[in-house]
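Trainee: I have a model open on my screen and would like to learn how to read it. Could you walk me through it, one feature at a time?

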There are 2 protein chains.
Amino acid sequence: MAESLLDIAEVAERSGLAPSALRFYENRGLIASAGRNGLRRTYRPEVLDRLALIACARGAGFTIAEIARFLLATPDDTKLRAHMAEKARALEEDIARLTRMRDGLRHASTCMHEPLVECPDFKHSFRRSAALTEPSPGR
Amino acid sequence: MAESLLDIAEVAERSGLAPSALRFYENRGLIASAGRNGLRRTYRPEVLDRLALIACARGAGFTIAEIARFLLATPDDTKLRAHMAEKARALEEDIARLTRMRDGLRHASTCMHEPLVECPDFKHSFRRSAALTEPSPGR
DNA sequence: CCTTGACTTGAACCGCGCTTCAAGTCACAG
DNA sequence: CTGTGACTTGAAGCGCGGTTCAAGTCAAGG
């Protein structure tokens, strides 16, 4: 079984993350090492799934601290579920915003208008977006 | 006409941004003040549209520097258009990623599975997402 | 004239997510 | 036993997007 443990360098390579990032995640509680081989951390292969999860969550705008909370939450945690559902809702809004933004850019990239930035359609999509975005001061 | 100029405090209030942020944007070239009333910056009302645009772009993940480039680009700029189209494509990917994330979270929030994090469906959606996310090292 | 109070400036600081660095420690080869 | 070289640590540094701060300046009011 010790055979199946991965060296930190290997995990780094396979996950595409820097070793420093792995150590960073470890001391933030996002992942755990299985033990040491001398000084070297060794990881169970499942850590790769973890890392994929983390990368994805990061990409979706979750902070490290949030991810840690998710991962450390007590198992049968109803708060966790609520939190997840809440996040799903938030993502819904993000998606809508990005979609509008994408449409605005698409239009802008083909619209002839003299300052491009003044194109009414273009401005319009931002206006709408802004109205929905404003209430959220954070970020 | 001077009547229609807005004081920085007014712009701050209407846009929901801190005055410090307005000054920050100004010295990054994102907005321009119309002049001064004593020491006080005054802005043309159109700056509010600008700010809405900026807020939206920020929300869509553009950096301040990127936005500045967009806004300062020479008008009939074909590179600008190409850049925009490119960004639109990138947003498409982000949207797809967020959508998968949202679905993953939705599932997770109702799925009974003992470490929640180990739910196969849940993991699966991250796996797929990760595969598409990995090539992009930045961010 | 002097105060008040909102603005001005540049510079320092903050939180985030890491990376980089100096200094130390280990396994293994020769 | 001595390198070598990849790891270890904690601390410092970085880029981003601002905020905060000390010190200065102005217009208006008393």
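Mentor: Gladly! Let's settle some vocabulary: Ala, Val, Leu, Ile, Met, Phe, Trp, Tyr, Cys and Pro count as nonpolar, Asp, Glu, Lys and Arg as charged, and the others, Gly among them, as polar. Keep in mind as well that this is a predicted model.

Trainee: With those classes, how many nonpolar, polar and charged residues does the surface near DNA strand D have?

Mentor: That surface has nine nonpolar, three polar and six charged residues. A residue belongs to it if one of its heavy atoms lies within 4 Å of the strand.

Trainee: Which residues come nearest to DNA strand D?

Mentor: There are 18 residues around the strand, and those that come nearest are R23(A), L39(A), R41(A), S20(B) and R58(B). On the DNA side, sugar and phosphate make up 82% of the strand D atoms that come within 4 Å of the protein.

Trainee: Which elements supply at least two residues each to the surface near DNA strand D?

Mentor: Both chains take part: α1 (8-15) and β3 (40-43) of chain A, along with α2 (19-27) of chain B. With four residues, α2(B) gives the most.

Trainee: And what should I look for at the phosphates?

Mentor: Look for pairs of N or O atoms within 3.5 Å, which count as polar contacts. From chain A, a polar side-chain atom of R23(A) lies 2.6 Å from a phosphate oxygen of DNA strand D. From chain B, R58(B) also places a polar side-chain atom 2.8 Å from a phosphate oxygen of that strand. I64(B) uses its backbone instead, with an N or O atom 3.3 Å from a phosphate oxygen of strand D.

Trainee: Now the sheets. How do I read those?

Mentor: Strands of a sheet pair through backbone hydrogen bonds, either parallel or antiparallel. In chain A, three strands form an open antiparallel sheet in the order β1-β3-β2. Its edge strands are β1 (6-7) and β2 (35-37), each pairing on one side only. Three bridges link β2(A) with β3(A), and G35(A) has T42(A) as its bridge partner.

Trainee: In chain B, how many bridges join β1 to β3, and which residue is the bridge partner of D7(B)?

Mentor: Two bridges join these antiparallel strands, and D7(B) is partnered by T42(B). β2(B) and β3(B) are also antiparallel, with three bridges; there, N37(B) partners R40(B). Two residues lie between the strands of this hairpin, where G38(B) takes a positive phi near 70°.

Trainee: Which residues of chain A does the UniProt annotation "coiled-coil region" cover?

Mentor: The unreviewed UniProt entry places it at residues 81-108 of chain A. In the model that span is 100% helix, and its end C-alpha atoms lie 40 Å apart.

Notes: Residues are numbered from 1 along each chain as its sequence is written. Chains are lettered from A and ligands numbered from 1 in the order in which they are written. This is a predicted model: local features need pLDDT of at least 70, side-chain atom pairs count only at pLDDT 80 or more; totals for chains, interfaces and linings use all residues. Side-chain values use heavy atoms; hydrogens and water are left out. A polar contact is a pair of N or O atoms within 3.5 Å; within protein, one must be able to donate a hydrogen and the other to accept it, and residues adjacent in sequence count only if both atoms are side-chain atoms. Two strands pair if DSSP finds at least two bridges between them. UniProt positions are given in the numbering used here, feature names are shortened, and annotations may be inferred rather than shown by experiment.
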